[in-house]
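Got your viewer open? Let's take a walk through this protein, one selection at a time.

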Amino acid sequence: MNPVRVLIVDDDPLVRAGLSMILTGADDLHVVGQASDGAEVPGAVAEHRPDVVLMDIRMPGVDGLTATETLRRRPDAPEVLVLTTFDADEFVLRALRAGAGGFLLKDTPPAQIRDAVLRVAAGEATLSPSVTRQLITHVTAPQPDRGQAGRRLDQLSTRELDVALAVAQGKSNAEIGADLFMSVATVKAHVSRLLTKLDLNNRVQIALLVHDAGLA
């Protein structure tokens, strides 16, 4: 397999250097470029074609939230993993709603950073169940329209809704398969159908929709 291509976006050169050192030491990851501001992201993505963008949220120019929203609207967009100093950063939830695949705290241990990048590249969320619950419960955000969210979920079959609820609990494909007596391949197929039916980008957005409907 080709190594996962990573673009690092952070206004702090020391943070960029540290992340680059962490990721460069892994055979299955390759840092293809760096950027210091969200305004540089479109050009850097076009030039380097990363699989994953490590995106700082707070930058003095174009912030990571705006850059994520712009980037994820592209049909060929790479995955985005947002970086923050605090796990209750007020902008994190908005970034996840925009299509980011998850978030990392900047003090996350190196091995976990590498694992998170690989998981996001594979289309999996990087939020543990505890972090998902804390984020959704405590980050300040406008109250969702539960009726609208519920109507979107009404189009799902009973089995698809079971899978959606399990995804919202932060369970892995293997855990969902064990709980629902399905193979991992079948779980993956259900998740793919959920994304298509609900017009979502990733598992995190499934979890947020379930929360918006008041089911999590």
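Which helices and strands do the buried residues of H3 pack against? Keep that in mind while you get set up. What you are looking at is a predicted model. The protein has 11 helices and five strands, and buried residues make up 47% of its 216 residues. Among contacts with a separation of 6 or more, 68% are between residues 24 or more positions apart.

**Stop 1: helix H3**

Select residues 64-72, which form helix H3. Color Gly64, Leu65, Ala67, Thr68, Leu71 and Arg72, the buried residues of H3. Now turn the view until you look down the axis of H3: the buried residues fall within an arc of 165°, so they line one face of the helix. And here is what they pack against: helix H2 (41-48), strand S3, strand S4 and helix H4 (92-97).

Before you leave, click on Asp63. This residue caps the N-terminal end of H3, with a side-chain oxygen 2.9 Å from the backbone nitrogen of Leu65.

**Stop 2: helix H1**

Next, select residues 13-24. That's helix H1, with 12 residues. From the first C-alpha of H1 to the last is 16 Å, close to the 16 Å expected at 1.5 Å a residue.

Which residues of H1 are buried? Color Arg16, Leu19, Ser20 and Leu23, and you have them. Look down the axis of H1 and you'll find these residues within an arc of 100°, so they line one face of the helix. Swing round to the other side of H1, where Leu14 and Met21 are exposed.

To see what the buried residues of H1 pack against, show strands S1 (4-9), S2 (29-35), S3 (52-56) and S4 (79-84), plus helix H5 (110-121). This helix has an N-terminal cap as well: a side-chain oxygen of Asp12 lies 2.9 Å from the backbone nitrogen of Leu14.

**Stop 3: helix H10 and two partners**

Two packed helices are described by the angle between their axes and the distance between the axes. Try that out here.

Start with H8 (residues 158-168) and H10 (residues 184-198). Their axes come within 10 Å and cross at roughly 95°. That makes H8 roughly perpendicular to H10. To see the contact, show side chains for Arg159, Glu160, Val163, Ala164 and Val167 of H8, then His190, Val191, Arg193, Leu194 and Lys197 of H10.

Keep H10 on screen and add H9, residues 173-180. What angle do H9 and H10 pack at? It's about 105°, with the axes 8 Å apart, and H9 and H10 are therefore roughly perpendicular to each other. In H9, pick out Asn173, Ala174, Ile176 and Gly177, which meet Val184, Val187, Lys188 and Val191 in H10.

**Stop 4: Asn202**

Now move along to the loop between H10 and H11 and click on Asn202. Is Asn202 buried or exposed? Asn202 is buried, with a relative accessible area of 6%.

Leaving aside neighbours within four places in sequence, Asn202 is in contact with Gly99, Ala100, Gly101 and Leu195. Zoom in on the side chain of Asn202, which reaches the backbone oxygen of Ala100 at 3.2 Å. The Asn202 side chain also reaches the backbone nitrogen of Val204 at 3.2 Å, and that is how Asn202 caps the N-terminal end of H11. Try one more distance: Asn202 and Arg97 are 105 residues apart in sequence, and their C-alpha atoms are 9.8 Å apart in space.

**Stop 5: helix H11**

Select residues 203-212 to light up H11. Nine of its 10 residues are buried, so H11 is largely enclosed by the rest of the structure. The buried ones are Arg203, Val204, Gln205, Ile206, Ala207, Leu208, Leu209, Val210 and Asp212. Just after H11, look for Gly214, which takes a positive phi of about 80°.

**Last stop: Leu215**

Finish in the segment after H11, at Leu215. This residue is partly exposed, with a relative accessible area of 46%. What is Leu215 in contact with, leaving aside its neighbours within four places in sequence? Show Leu153, Leu161, Leu165 and Val210 to see the answer. Leu165 is 50 residues away from Leu215 along the chain, yet their C-alpha atoms are separated by 7.6 Å.

Terms used:
Residues are numbered from 1 along each chain as its sequence is written. This is a predicted model: local features need pLDDT of at least 70, side-chain atom pairs count only at pLDDT 80 or more; totals for chains, interfaces and linings use all residues. Side-chain values use heavy atoms; hydrogens and water are left out. Helices (H or I, at least four residues) and strands (E, at least two) are DSSP runs, numbered from the N terminus. The expected span of a helix is 1.5 Å times one less than its number of residues. Buried means under 20% relative accessible area, exposed over 50%, partly exposed in between (1.4 Å probe, protein chains only). The arc is that of the directions from the helix axis to the C-beta atoms. Contact means heavy atoms within 4.5 Å. A polar contact is a pair of N or O atoms within 3.5 Å; within protein, one must be able to donate a hydrogen and the other to accept it, and residues adjacent in sequence count only if both atoms are side-chain atoms. Axes are lines fitted to C-alpha atoms, for helices over the stretch in contact, and angles run from 0 to 180 degrees between N-to-C directions. Angles under 35 degrees count as roughly parallel, over 145 as roughly antiparallel, 65 to 115 as roughly perpendicular and the rest as oblique.
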